[in-house]
Amino acid sequence: MPTETDSAPETLPGLPVVSPPPAVGVLVPLALFQPYDYLVPPELTSAGMDLVRGDFVTVPLGRRSVTGIVWGAPTGDVDPAKLKPVTARLPLPSLPAATCAFIDWVAQYTMAPVGAVLRMAMSVPDALEPERALKGWTVGSTEGAKLTTTRQRVLDVLQQSPPLPPTELARLAGVSAGVISDMGKVGLLRAVTLSQKRPFGQPDPATLGPELSSAQAAAAHDLARLQPGVTLIDGVTGSGKTEVYFEAIAAALRAGRQALVMVPEIALTPEWLKRFAIRFGALPAQWHSELTGLERRLTWRAVLDGSARVVVGARSSLFLPFRDLGLIIVDEEHESGFKQEEGVIYQARDMAVVRGHLAKIPVVLASATPSLETMVNVESGRYRVLHMPDRHGGATMPVIDIIDLRRDKPLKNSWIAPSLRAEIDRVLSAGEQALLFLNRRGYAPLTLCRGCGHRLQCPRCTAWLVEHRFHQKLMCHHCGFEAPVPPACPACGAEGHFAACGPGVERLAEEAAALFPDARRLVLTSDTVTGPAKAESLMRSVAEREVDLVIGTQIIAKGHNFPHLTLVGVVDADLGLHGGDLRAAERTYQLMQQVAGRAGRGEKPGRVYLQTYDPDRAVMQALKSGDRESFMAAEAEDRRLSGMPPFGRLAALIISGRELPAVTAKAQELARLAPHRDGVTVLGPAPAPLALLRGRHRIRFLLKTRRDIAPQGVLRSWLRGQKFQGDLRLQIDIDPYSFV
């Protein structure tokens, strides 16, 4: 849209100078790299409604009307005579200045269109509309009316409750919507306007919390000062980190500010919400994909107007339009779940630090196994640290033992070593709980034909189909493709020759059922924990001892407190160490420590067994000895010598398209233009490990720079003037975490 403007004509003598009408730049939530210019209509200026940065406005765009944000002064790239006027200013509080600045920063850093970043902050279009009246029913006139059994049930419900919306009333009375409608027509029910009930309360910082230990109290007092900057709570599992940062939330509430708590997975929140409600007497606002449309609308508006005082949510909650954000907490800060891999690609933990810096507010990172990046920032003095090395209430950390699978071999078609089986038997006989951990969903990671060796592969991805026997289907965990298991091999036609290779958590559950038939078992994966309500129900069943043996993936590894669970068996501790991930050993250490932390949180001590084929590996020895500092120091030195993050910088470029020749040609063109300078290395082009994803061929470059060289500037110079025509797409990932 931006075009060159003609030079202005000289002013003729004797004629008055006519000022051009005022204009503003308006950013719309589309994949655009800059605002568009619009005229400010006289009716707005005459009404004293000067438009300022952050105002919500409607503007014409092509043949439609869209909602955007006044972003500042006009760009001046278009002749004012060609500009269209702003249609209207919406009666909403302006998008806060800190949010606008944050959107600009994220767009610059991630090299994403600023309009695409704005779209994350305007993710609930319905919230911009005027509040709709909610219709409800109460008892009307029953004089002389004929009351059937169903009608009487409706009246009985309303006699015991306040006015109800039609769908809720029909559900409680067990009648159809037509019955409710007919009762309204004949006057048995009277229509009333209901107030919208918000899905959260008003936390009270004065509510007394649990008694803190001296270590917890000291850390809480430090955080409650709300000093700007970043503070790490480095505390072992069960040390009470949550109760400590609750005191920082209380301090923010007393100061009249809002607080945000970010968690990597929404399945972590049920127990957290219970503890929050006990501490503050009300539930916080929540932000995640399981909310209904109405809940999202009410929550977004409440964040904008400031009435939502505390929000707990997934990574996208960082882009909510907080009216007066005074504190950000990133729980389990080491988790890769804070990395957004689609659309605008960003690391929410790192962006939270930026958000805090721009607003000059405190950011608290909490973890039992901090990331190497965070630990390096602590050592350099950029972050403060509060250590909590002991479990609360006198509980002790579990003992970690290693099972060498080369010597203690499971039986054929079994995955549990004899020594681990004996320990589970002992624990279950004592009336305690055990956990078997395997971080692999489904029944088996690979299904092949025993006759010809054919492997069942996703038709849209370079990935094997995973059998999910509980659901009787094959699934691709990358694109979501599903299919039934074919009756015959598609390659050789043989029937009944398919074999499951390797264990998934469902296959492990099958083995556990055969070995421990009397144990009450529960499988916990993202396939069974389908939302916060389901998570709360399942976790409660474990905590209340309705389950003897839990079989689960990483969804069970963190954030849960099971006081009667005393044994954890990790079936395949080597699983995350394969492949080219530079953080593989670090992630394995973190995951194993987190899952180990589920054991021995009550009165009885816990024990953890790691099954491995490589017991001498540094990460296994560090887990056994508990020497985190030496292990992380060695990891840091390896990264320092190789110039990898956090001592160097990385950016990934992936070119994708439906036609491989076009993708290859574009990659070769970019390779010829690749930068060559000191401190800059370009690796590739090479097929991405997932060379086909959702039907698109993918070729990858990896840009590596020294710490003092920003990869964004190198990329802008390299990609200047490049066009990606047809269905070709370029994806840029600054600070990549995934290398697929």
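Let's start with two side chains: Phe 276 and Phe 280 are both buried, where buried means under 20% relative accessible area, with exposed being over 50% and partly exposed in between (1.4 Å probe, protein chains only). Keep in mind that this is a predicted model, where local features need pLDDT of at least 70, side-chain atom pairs count only at pLDDT 80 or more, and totals for chains, interfaces and linings use all residues. Residues are numbered from 1 along each chain as its sequence is written, and side-chain values use heavy atoms, leaving out hydrogens and water.

Back to our two residues. Both sit in helix H9 (residues 269–280), four residues apart, or about one turn of the helix. Helices (H or I, at least four residues) and strands (E, at least two) are DSSP runs, numbered from the N terminus.

Now for the rings. The whole structure holds twelve aromatic pairs. One of them, Tyr 245 with Phe 246, is edge-to-face, at 5.7 Å centre to centre and 85° between the planes. Phe 276 and Phe 280 make a tilted pair, with 4.6 Å between centres and 35° between planes. To pair, rings of Phe, Tyr and Trp (its six-membered ring) need centres within 6.5 Å; planes under 30 degrees apart count as stacked, over 60 as edge-to-face and the rest as tilted. Those four residues join Trp 272 in one aromatic cluster. Like the H9 pair, Tyr 245 and Phe 246 are buried.

What about the cores? The largest nonpolar core has 55 residues, and Phe 56, Met 262 and Trp 300 are among those with the most contacts inside it. Such a core is a set of buried Ala, Val, Leu, Ile, Met, Phe, Trp, Tyr and Cys residues joined through side-chain atoms within 4.5 Å. A second, separate core of 41 residues includes Phe 437 and Val 570.

Further along the chain, look for an open sheet of four antiparallel strands in the order E29-E30-E28-E31. Strands count as paired if DSSP finds at least two bridges between them. At the edges are E29 (680–693) and E31 (729–734), each pairing on one side only. Six bridges join E28 (residues 648–657) to E31, and Ile 655 has Leu 730 in E31 as its bridge partner.

Finally, the charged end of Arg 583 sits over the ring of Tyr 737, 3.9 Å from its centre. That takes NZ of Lys or CZ of Arg within 6 Å of the ring centre and within 35 degrees of the ring normal.
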